[in-house]
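Please work through the exercises below with the sequence and the model side by side. Each task is followed by a solution that goes step by step.

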Amino acid sequence: MAPVQKSGLAVGLNHGHQTTRKELAVKPVQRKGVITKRTKFVRDLVREVAGFAPYERRVMELLKNSKDKRARKLAKKRLGTLRRAKRKIEELTTVMAESRRTGAH
């Protein structure tokens, strides 16, 4: 929600002295969680070399057999939260689709 201009009055919803807003510089902490090119490259390289964890292979097998709920439950048990499990399932389905696409050609 954008800040509303003050009314200059001492009472009311937007009470207070009228001021001009300062343009603040973007702090480094506001970039937290953004994946850099280098990080993406390193993660892809590690995935290529190390492959998938055993639970990830099992989840992919469950997804192939259209047991989505069981796969989600397994991922949740291994990763701790449903949000992490959903993200992991999404990642693995994209990997499976990518491998199918490259395997077909």
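**Exercise 1: the two sides of a helix**

Task: find which residues of helix α2 (residues 54-64) are buried, and which are exposed.

Solution: In helix α2, the buried residues are Tyr55, Glu56, Val59, Met60, Leu62 and Leu63. They lie on the same side of α2 because they cover an arc of only 160 degrees around the axis, the arc being that of the directions from the helix axis to the C-beta atoms. On the other side of α2, Pro54 and Lys64 are exposed. Here buried means under 20% relative accessible area, exposed over 50%, and partly exposed in between, with a 1.4 Å probe and protein chains only. Helices (H or I, at least four residues) and strands (E, at least two) are DSSP runs, numbered from the N terminus.

This is a predicted model, in which local features need pLDDT of at least 70 and side-chain atom pairs count only at pLDDT 80 or more, while totals for chains, interfaces and linings use all residues. Residues are numbered from 1 along each chain as its sequence is written, and side-chain values use heavy atoms, with hydrogens and water left out.

**Exercise 2: a charged residue in α2**

Task: explain why Glu56 counts as buried, and list what Glu56 is in contact with beyond four places in sequence.

Solution: Glu56, which is found in helix α2, counts as buried because its relative accessibility is 4%. Leaving aside neighbours within four places in sequence, Glu56 is in contact (heavy atoms within 4.5 Å) with Arg47, Lys88 and Leu92.

**Exercise 3: the largest nonpolar core**

Task: decide which element gives the most residues to the largest nonpolar core.

Solution: A nonpolar core is a set of buried Ala, Val, Leu, Ile, Met, Phe, Trp, Tyr and Cys residues joined through side-chain atoms within 4.5 Å. The largest one has 12 residues, among them Tyr55, Leu74 and Ile89. Two or more residues come from each of α2, α3 (68-79) and α4, and α2 gives the most, with five residues. Tyr55 also touches Leu74, Arg78, Leu79 and Lys88, not counting residues up to four places away in sequence.

**Exercise 4: who lines the largest pocket**

Task: work out which helix gives the most to the lining of the largest pocket, and how the lining residues divide into nonpolar, polar and charged.

Solution: The lining includes Ile35, Arg43, Phe52 and Lys88. At least two lining residues come from each of α1 (37-50) and α4 (82-104), and α4 gives the most, with five residues. By type, the lining has four nonpolar, no polar and eight charged residues.

Note on methods:
1 Å grid on protein atoms, 1.4 Å probe; cavity = no way out; pocket = protein on both sides within 12 Å on 5 of 7 lines; lining within 4 Å. Nonpolar A, V, L, I, M, F, W, Y, C, P; charged D, E, K, R; others polar.
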